[in-house]
4 protein chains.
Amino acid sequence: MYKKQRGINMKSYIKEKLDSFQSENKNRARLLINCADQPGIVAAVSKFLFDHGANIIESNQYSTDPHGGEFFIRIEFEIPNLKEKAKELESDFTAIKEQFALEATFKYVSEVKKIAVFVSKEPHCLLELLWEWQSGDLMADISLVISNHETSREMVESLGIPYYYIPANKEIRREVEEKQKELIEKYQVDVLILARYMQILTPDFVKTYQHQIINIHHSFLPAFIGAKPYERAYNRGVKLIGATSHYVTNDLDEGPIIEQDISRVDHRDNAEAMKKIGQSIERSVLARAVKWHLEDRIIVYGNKTIVF
Amino acid sequence: MYKKQRGINMKSYIKEKLDSFQSENKNRARLLINCADQPGIVAAVSKFLFDHGANIIESNQYSTDPHGGEFFIRIEFEIPNLKEKAKELESDFTAIKEQFALEATFKYVSEVKKIAVFVSKEPHCLLELLWEWQSGDLMADISLVISNHETSREMVESLGIPYYYIPANKEIRREVEEKQKELIEKYQVDVLILARYMQILTPDFVKTYQHQIINIHHSFLPAFIGAKPYERAYNRGVKLIGATSHYVTNDLDEGPIIEQDISRVDHRDNAEAMKKIGQSIERSVLARAVKWHLEDRIIVYGNKTIVF
Amino acid sequence: MYKKQRGINMKSYIKEKLDSFQSENKNRARLLINCADQPGIVAAVSKFLFDHGANIIESNQYSTDPHGGEFFIRIEFEIPNLKEKAKELESDFTAIKEQFALEATFKYVSEVKKIAVFVSKEPHCLLELLWEWQSGDLMADISLVISNHETSREMVESLGIPYYYIPANKEIRREVEEKQKELIEKYQVDVLILARYMQILTPDFVKTYQHQIINIHHSFLPAFIGAKPYERAYNRGVKLIGATSHYVTNDLDEGPIIEQDISRVDHRDNAEAMKKIGQSIERSVLARAVKWHLEDRIIVYGNKTIVF
Amino acid sequence: MYKKQRGINMKSYIKEKLDSFQSENKNRARLLINCADQPGIVAAVSKFLFDHGANIIESNQYSTDPHGGEFFIRIEFEIPNLKEKAKELESDFTAIKEQFALEATFKYVSEVKKIAVFVSKEPHCLLELLWEWQSGDLMADISLVISNHETSREMVESLGIPYYYIPANKEIRREVEEKQKELIEKYQVDVLILARYMQILTPDFVKTYQHQIINIHHSFLPAFIGAKPYERAYNRGVKLIGATSHYVTNDLDEGPIIEQDISRVDHRDNAEAMKKIGQSIERSVLARAVKWHLEDRIIVYGNKTIVF
C-alpha cells in the first residue's frame, strides 16, 4: 500500500479549497455601517448600490432605538468585475458617508483573513479550528500558531502551518510579546485567536489589536471569571456549565461577548468530568465565534456585540 | 377580605392592555413583499418609504437564490398620522408594485387580529394561549373559543370570552363546519388556532381559510404523522420527543412548518410520561407560532415558511 | 347553556385527583439514606426490604467517592398494607441504622406535602404551579398563598385556596414573619415556595425552615446574584439568560442549587424582552424543582444537591 | 526546531494511556442482569457481591413494570485481585442465576473492547472518534479501519492504525463482506462502528454481529429513513435537523436507538448548510453512543435500548 505524505498533500488540498473560494467570491463584498439612526439611510445606501450595479445577497440591520438610537447595517453584495471597481466604489461612497456621518467599511470576501492561533497545553480548541479549516468550513489563512508549549507542534506542522514555540511567564511578558508582535507583523495577521492560551496579555498588547483578539473562556460569563472555572462550578454545585467566546479587552474576561453555550451536568460529574464536558462546548463556541468574525458578521458596540 | 369579581375585572384589565397597545402602535405598519429577485427593489422600496416620511423600525429580507430566485422582505416602519395617510400610501405604492411585479401587503399593527381558538378535551395549549394573552404577550383579540367538549368552558368564560360548544364527529362534519363558519363570519375572525382540536377538517373548510389555520401536532414532523404519536414514539424507543406547529393544508400534518421543538426522554419514560413532557413543548411551540403569525413574521412559500 | 361555578368545581376536581393519588399510593414509600460509604449497605438494606415483603419500584444511589466518600441511596418501594406495618418497619430498621451509622428517613407517598406559596407582584411562577397542580402534575396540598400584594388573590381564591395578604417591607420584617410563621404552623406546612417573592427573609426565619424553602432566582447563578439580573444581563451583553431554583440559605442566592436552565437571546433583545423570555424559564425551572422536592428526589449535601 | 515523528509518537502516547487505564481498572468489573421482575433479586445480588468482597461503585436499575415486568440492573464494582478471583466469582454466581432465572454477564473493565471503524468518503465521524480516542475519552483498542475509499488512509495510518481499502458495491457485496469478516476475525473485533459507511450490509452479516454494529444515521429517526435525509429535510421545510445512533438490524434504520440529538435550522439554510450543521450533531451523537457501549451502559430490550 502506498502511503501518501500527509503534510504536503493536506497543504495543497487546503490551498486548492481556498483558491476556489477566492475565485467564487471575487465579486463579493460586505458593507458595514454604523451611525446615528435617521431617516433615509437605507434608501440612500441601497440606491447607491443599485446605481453601482450591485446585487444584494444578504442584508441585516438593527437599531438600538428607532427613535434616536444607533443604527447598524451589514449588506453583502456582488458587483461584476468588483476588483476593478472597488476603488471607485469606495471613493463614490464618500458623499453618502459625509451626508449621514456614517462609519462605514467595505470588506472584500476574497481577501481571506490571516489568523494567528495562540495555544498553551490543551489542544482541543486548536484542533477544532484546524478540523473546521481542513473541512473548508473556516475560510481563512491560518498563517501561524504560537505556543508556550511544544505539545501541538507536530499536528500543526503536519498541516504545513509554521509553529512558533515561545516560552512565557509573568516575568518575561514584555519580551514574549515583542517576539509575538514581530511574528504578527511578519505574517500580516488580521485576527488573533486565543485557543486556550493561558497567559495574561499586557494592556499595550491588547490595545494594539483592539477587537482583533478572540478568546474562549471556559465558563458562561459573567459566572466564574478568572482561573479554574470548572473547579469552582463543581464546588458551587451548578447544574449547567458553559463557555464564552469574547473579544479581549483589558478587563479580565469582561470584553464584548460573541457567543456562549452550555451543557447540562449533574451531581455525578466531578470537576474532571465537567472539564471534559466543557471542552466540547469550548470547541464549538469558539469555532462559531471565529466563523462569524471571518464573515464580518460581528459589530462591536460599547461592550456588546451585534451578530448579524 | 374583599373578593373581586374575577371574570369582569380580567376582561377590563386585558381590554386596557389592548387599548394601550393599539394607541402606542397607531402609527406603525408592516410591509410584506415577495417577488422575483431583481436589482433595485430594496432601493425603490426604501426610497418610497423615505419619501413618505417613514422611519424604519426593523427590516428583514431573504432570497432563495440571489441569482434569479424568489425575494422576500418584511419592513416594519412608523409614519406620523399613519391612519390618515394609509390609503394614499397604498395607492402611491401601486407604481412600484407594477414596476417590479411585486406581491405586497400592508399590515397595520393597531388592527389587532381576531382569533378563534378550537380545542377538544386537553386544555393545555388553550391555557397557554390564554395565559400569554393575559400577560400581554399575545396581542390579539381572542374573539371566541369553539370546542366539541364542555371541559374548558368555565376557564374561558371567566375571562369574558364566548365559548361555543359544538359537538362533532365524522358523520356530522359538514353541519359542524357550517356552524363554525357562521361564528367565524360573525366574529370576523382572522386566524383559527387548533389548540389540540382532535377533529379532521374538510378540504372545503381548509381551502376557505388558507394560511389562516394554525395547528399544533404532538410530534416532530415528519416523524409520527397522524394519530397517537406519543404511543408510537414510545414504541419506537426514541430519545427525543417533539411538537410541530404548522399551517393546515389538506395533506394531513403536511402543511408548512412554522416552528418545532423537542425534549429529551429516556427508557424510564413510558407513553404517559412522554405525553406529559410533550405537553410542555406543545404549549411553547404553539405560542411561538401564534405570536409570529400575529406579528406578520411568517411568509408561506410553497410548502415552507420564511420566519422573519 | 349552563354556566358552572368555577371555583367550587375546580376545588372538588382537584380534591378528587388527590384522593385517587393517595389511594393508588397507599402502599408506597421511599427510603432515603446517607452515610459514610462502606461495603454491605446495599446488601443489608435490600435484604431488609425483601424480608419485609417490599417490592422495589425504583432505586438510585451515588457515592461521592467509592473509596471512603459519602454514600446516598433513595429506594422507592411498595409493601402490602403499608399503613399497618409502617411503625414496625421503621422500628425494625433501627438495627441497620445503628450498624452502619445511617441517616435514614422513610417518606410515605400518600402523605402529600403541604405547600405555602409566597408571591409578590409577578404571578407567572405562581400560575405555573397552580396550572401543574390543576393538571395533576404536582401532587401536593397547596394549603395557602401568602403575598405582599393583592394581585393574585382572585386567581388563587377561584381555586379554593386561601389567600393571605400581608404587606411587607424592610422595617416590619419581623412582624411580617411572625404572621407568616403563625400561618405556616396553622396549616402545618411542609415546604415554602418563593415564587418570585421579592422580600429578604431574616436569618431566623430561614433557619427555622432549613431545606424547606425553595426559591427561584431569575439568573443562571452564580452570575447576577442579587437584584435586577435581567437589566445586568442586558448591560453585560450576554447571549444566554437563565434561571436557578435553589434552597434558601442565609447567603443571598448562594443556597444549594436544585435546577437551572437557560434560553438564547441576541442583540435585539432589550432588558424587557429578556425578562419576558426569562419568565418562561423561571416557570419551568421552579416547577421541576418543586416536583423533585415533592417526590423526595433531592438530597442536600453540603452546599450542593443530589437529585435522584 | 526539532520535528517529531508524529505517527510513531502518537501511537506510543495512546498506548501509554490505555496501559494506565487498564492498570487503574484491573480490579473493576460490571455485572449486567436482566430477568423477570421479582422480589429479592437486588438483595441476593448485593449480598453475593458483599460476600465476595466487592465495593459497589455505581448501580442502576430499571423495571419496565414493577408488577410483573422485565427487570434490568447494571452494577459496577471493584474486588481486590479481581483477575485471580474472576473465574470463581462467575462460577459462584451460577446459583443465583438459576434461582432467579437471570441472564447475567460479567464484563471486565481492563479488557478494553476492540473496534473496527467502517467509513466511506465523509471522514467527520471517524475523525471525531479518533480525536476522542487520542484525548483518552474513548477507552478502546481501535484495531483497524475499513473503507471503500482511500480518503482517510493517511489520517488513520499516521496514528498507527491499519487501514484496509476494500472497494464495494451492490454486485460484490458478499465478497466484500467475506474480506471484512476475515479482518474482524483476525483482529478479534468486539464492536463495529459504521461511521458514515454508505453501503448496505447483508442480513447474514448483520445477524453475525447482533447488537455489535453501531450506526449513525443523519436524521432524527423515524423521520427521513433511508437516503438523502438532509435534502428531504430541506424540502419538507423542517426547523430542526438531527442525527440518530442505533444498533443495526435488518430493517433499514429501524434498529434500537441509542442516542439522538438535534440542531435548529431556519429558512436561510439550504440542504448544503443543513448537511454542515448536521455533521456536527452526527459527530457528537455517535461519539456518545460508542462511549456508552464501551462502558457497557446499554442494554437492548426488544427494539429499544436502556441506557444506564
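This passage describes the open sheets of chains A and C and the helices that pack on them. The model is predicted.

In chain C, seven strands make up an open sheet. Their order is β7-β6-β5-β8-β9-β10-β11, and the pairing is mixed. Strands β7 (163–165) and β11 (257–264) of chain C occupy the edges. Each has a single partner strand, so one side of each lacks a neighbour in the sheet. From one strand to the next, the twist averages 15°.

Within the sheet of chain C, β5 (residues 114–119) and β6 (residues 141–147) pair in the parallel sense. Six bridges link these two strands. Here C:V119 lies opposite C:S147 of β6(C). Helix α4 (residues 124–134) of chain C lies across four strands: β5, β6, β8 (191–194) and β9 (213–217). The helix runs at about 165° to β6(C).

Chain A also holds an open sheet of seven strands, in the order β7-β6-β5-β8-β9-β10-β11. Its pairing is mixed. The edges are formed by β7 (163–165) and β11 (257–264) of chain A. Each edge strand pairs with a single partner, so one of its sides is left without a neighbour in the sheet. Neighbouring strands are turned by 15° against each other on average, direction ignored.

At one edge of the chain A sheet, β10 (residues 240–247) and β11(A) run antiparallel and are joined by seven bridges. The bridge partner of A:S245 is A:E259 in β11(A). Helix α6 (residues 173–186) of chain A packs on the sheet. This helix touches β5 (114–119), β6 (141–147), β7 and β8 (191–194) of chain A. Its direction makes about 170° with that of β6(A).

Conventions:
Residues are numbered from 1 along each chain as its sequence is written. Chains are lettered from A and ligands numbered from 1 in the order in which they are written. This is a predicted model: local features need pLDDT of at least 70, side-chain atom pairs count only at pLDDT 80 or more; totals for chains, interfaces and linings use all residues. Side-chain values use heavy atoms; hydrogens and water are left out. Two strands pair if DSSP finds at least two bridges between them. Axes are lines fitted to C-alpha atoms, for helices over the stretch in contact, and angles run from 0 to 180 degrees between N-to-C directions. Contact means heavy atoms within 4.5 Å.
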